[in-house]
Amino acid sequence: MIQNKPLYTVVLGSGVAGLAAAIRMAAAGSQVTVFEKSDTYGGKLGVWQKKGFRFDTGPSLFTMPEYVMELLLIDGKKDVHFDYDQLNTICKYFWNDDTQLIAYNDREKLKSEFIEKLNESADNIDAFLDDSRQKYEITNPVFLEKSLHKWSTYMSWTTFKSFLKMGQVGVFHSMHQQNSKRFNNPKVVQFFDRYATYNGSNPYDAPATLNVIPHYEFGIGAFFPKKGMRSIVDALYQKALNLGVDFKFNTPVNQLQKRDNKYGINHDAKSYDIAICNIDVATASSGPLSHLIKNHQKYTPSSSALIFYWGINRIFENLDLHNIFFSSDYKKEFDSIFKNHSIDDDPTVYIQISCKFKKNDAPPNKENWFVMVNAPYVKNQDWEMLITNTRRHIISKISKILKVNLEKHIELEHILTPQLIWDKTGSYKGALYGSSSNNRISAFLRQPNFSKHHKGLYFCGGSVHPGGGIPLCLLSAKTSTDIIKRDFKIC
Ligand SMILES: Cc1cc2nc3c(=O)[nH]c(=O)nc-3n(C[C@H](O)[C@H](O)[C@H](O)COP(=O)(O)OP(=O)(O)OC[C@H]3O[C@@H](n4cnc5c(N)ncnc54)[C@H](O)[C@@H]3O)c2cc1C
């Protein structure tokens with residue numbers, strides 16, 4: 001409920017964070033308009049379909065569903081249906097030497113896999129996962145759920161307690177250094193190092209604080225929406241409509257105009273009290289907000305991705321919803337991405353097959369493969385050459401491990417490159433998760449959720465605090481709108 005008079009809010013962009021911000025403001029009584037340059041909502045949570053195959057084109061792993069449910073139930077009405085399941089098998093792992101491991105949700109089964117397949121002790125796995133949970137408990141209330149750029153955050157008892165425990169979160173070592181000390185088998189080190197990629201980081205540089213990430217999967221759980229990843233934004237869009245949010249599609253914001261203490265979009269006469277920018281902040285600061293953001297936020301981007309969407313003309317019984325095919329030399333692979341800005345000849349390949357879960361995503365006896373490798377952000381690469389080579393390397397690697405001629409089974413192909421991610425969503429240089437988290441102060445360097453110079457201007461999304469990935473984007477929208485409610489005395 002707004003005190004005094006109605007407030008008008010404009011949201012720039014309808015990515016998952018923009019939708020969340022719109023819902024929160026509308027539920028608080030504001031009249032909300034969303035401007036979106038594309039013809040649909042959802043940003044990176046896109047969809048592509050052809051010849052009976054359906055692909056979620058962006059995120060494929062769903063964690064922290066309660067953040068979505070909180071939005072759908074924000075006004076106490078169950079008026080939007082959204083359903084998801086928890087995964088018992090989180091992911092299947094394959095190595096080039098035929099080693100395989102299944103990551104189960106059940107801790108005892110998971111430990112048995114590590115003991116039997118990789119000869120790693122149950123105690124080591126327990127110690128790591130307990131430490132990951134502890135890191136979560138220390139960092140979540142302060143570093144993720146609040147603004148790091150407001151003094152009030154530092155004045156609370158919760159923050160004080162978290163700071164007292166900072167020594168335990170591993171800011172002074174890299175993930176790889178900490179994991180190498182914890183485990184005996186290098187494959188287990190590689191297994192847990194991989195979680196750096198969940199926010200586009202390099203485990204050889206990123207602080208061991210990021211060893212918090214496995215807790216999201218193994219402590220809280222991995223989930224999958226019954227109707228696929230796109231249904232997350234379908235549900236949020238429907239909720240926003242139900243709350244009266246007005247969407248203007250195919251309407252790029254070329255300039256956010258400041259009009260006294262209000263904001264206007266392009267040359268449209270309507271003015272708004274509050275503007276929430278969901279456009280990547282580096283893109284916005286050199287485009288529609290260039291006159292409002294003084295120092296252009298040209299951050300160092302996180303990694304990007306090269307994705308092949310393949311229609312496969314047979315069933316692979318041995319594969320699950322999520323599958324990882326590891327490289328033999330992880331350090332070399334990350335050096336290729338982060339130092340040489342290229343893709344290694346033996347990349348780690350992630351294959352998500354949503355029809356294992358949602359049968360009608362592929363025609364009968366066929367499968368829809370989302371095949372992704374980590375890739376550098378855009379930096380004058382010869383992408384045609386990189387795509388051709390990487391495609392060949394992936395096919396050769398998967399063919400050897402699965403003992404098939406994979407090329408023969410690909411009947412449909414669509415490709416998403418870092419440049420296309422940049423073009424389609426405005427993500428600076430194709431970064432999947434905004435700015436890189438490869439050093440220990442990066443959390444403090446992210447764009448704050450509010451403008452320090454312009455009253456009424458706020459930010460949310462993957463390039464803003466606390467970071468990228470669906471759960472953090474939803475938290476960024478919550479933090480921004482909590483600040484708005486305080487600034488505008490909305491109860
Ligand atoms: C291939 C891929 C895989 C990923 N995997 C995962 C995963 O498994 N799990 C996970 O949690 N996260 C994953 N992520 C990250 C996650 O998708 C993002 O962090 C999140 O979706 C970003 O949401 P956002 O709201 O910040 O912005 P975006 O989704 O980037 O949306 C920004 C919106 O702004 C619009 N826009 C841009 N410029 C303008 C303009 N001038 N005027 C109007 N509108 C404009 C864009 O069209 C877009 O709709 C993945 C991302 C990609 C690309």
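The buried residues of helix α2 pack against four elements, namely α1 (16-27), β5 (84-86), β8 (223-225) and α10 (230-242). That is a good place to start reading this structure, which is a predicted model. Which residues of α2 are buried? In this helix, which runs over residues 65-72, they are Pro65, Val68 and Leu71. Because these residues cover an arc of only 120° around the axis, they sit on the same side of α2.

**The nonpolar core**

Leu71 also turns up among the contacts of Leu236. Leaving aside neighbours within four places in sequence, Leu236 is in contact with Val16, Leu19, Ala20, Ile23 and Leu71. Leu236 has a special place in the largest nonpolar core, too: this core has 132 residues, and Val16, Ala22 and Leu236 are those with the most contacts inside it. Which helix supplies the largest share of this core? The answer is α1, with 10 residues. The core draws at least three residues from domain 1 (8-46 + 228-298 + 440-487) and at least three from domain 2 (125-213). There is a general idea behind such a core: in soluble globular proteins, nonpolar side chains tend to be buried together.

**Around the ligand**

Helix α1 is worth remembering for a second reason. It gives the most to the shell around the ligand, with 3 residues. Which elements each supply at least two residues of this shell? They are α1, β14 (304-312), α14 (418-425) and α16 (470-487). There are 37 residues around the ligand, and those that come nearest are Gly13, Gly15, Gly43, Pro59 and Gly461. By type, the shell divides into 18 nonpolar, 16 polar and 3 charged residues.

**An enclosed helix**

Now look at helix α8, made of residues 186-193. It is largely enclosed by the rest of the structure, because 7 of its 8 residues are buried. The buried ones are Lys187, Val188, Val189, Gln190, Phe191, Phe192 and Asp193.

**Far in sequence, together in space**

The chain can bring together residues that are far apart in sequence. The table lists three pairs, with distances taken from C-alpha to C-alpha.

| Pair | Apart in sequence | C-alpha to C-alpha distance |
|---|---|---|
| Thr283 and Ser463 | 180 residues | 10.0 Å |
| Asp361 and Gln49 | 312 residues | 8.9 Å |
| Ser328 and Asp97 | 231 residues | 8.7 Å |

Let us take the leading residue of each pair in turn. Thr283 lies in helix α11, which covers residues 281-285. Is Thr283 buried or exposed? It counts as buried, because it has 20 C-beta neighbours inside 10 Å. Not counting residues up to four places away in sequence, Thr283 touches Gly426 and Tyr428.

Asp361 is found in a loop, the one between β16 (349-352) and β17 (367-375). Asp361 is buried, since 21 other C-beta atoms lie within 10 Å. With residues up to four places away in sequence left out, Asp361 touches Arg54, Gly228, Ser354, Cys355 and Asn368.

Ser328 also has its place in a loop, between β15 (322-325) and α12 (330-338). With 14 C-beta neighbours inside 10 Å, Ser328 counts as partly exposed. Residues up to four places away in sequence aside, Ser328 touches Asn96 and Asp346.

**Backbone details in the loops**

Finally, a few backbone angles deserve a look. Asn119 has a phi near 55°, which is a positive value in a residue other than glycine. Where is Asn119 found? Its place is the loop between α3 (107-118) and α4 (122-144). Asn119 counts as exposed, because it has 11 C-beta neighbours inside 10 Å.

Lys403 is not a glycine either, and it has a positive phi of about 55°. This residue sits in the loop between α13 (383-402) and β18 (410-416). Lys403 is exposed, with 8 other C-beta atoms within 10 Å.

One peptide bond is also worth finding in the model. The bond from His465 to Pro466 is cis, with omega near 5°. Pro466 is placed in the loop between β19 (457-459) and α16, and α16 is one of the elements that supply at least two residues of the shell around the ligand.

Definitions and conventions. Residues are numbered from 1 along each chain as its sequence is written. This is a predicted model: local features need pLDDT of at least 70, side-chain atom pairs count only at pLDDT 80 or more; totals for chains, interfaces and linings use all residues. A residue is buried if 20 or more other C-beta atoms lie within 10 Å of its own, exposed if 12 or fewer, and partly exposed in between; C-beta atoms are placed from the backbone. The arc is that of the directions from the helix axis to the C-beta atoms. Two residues are in contact if their C-beta atoms, placed from the backbone, lie within 7 Å. A residue is near a molecule or strand if its C-beta atom, placed from the backbone, lies within 6 Å of it. Ala, Val, Leu, Ile, Met, Phe, Trp, Tyr, Cys and Pro count as nonpolar, Asp, Glu, Lys and Arg as charged, and the others, Gly among them, as polar. A nonpolar core is a set of buried Ala, Val, Leu, Ile, Met, Phe, Trp, Tyr and Cys residues joined through C-beta atoms within 7 Å. Domain bounds come from an automatic or database domain assignment.
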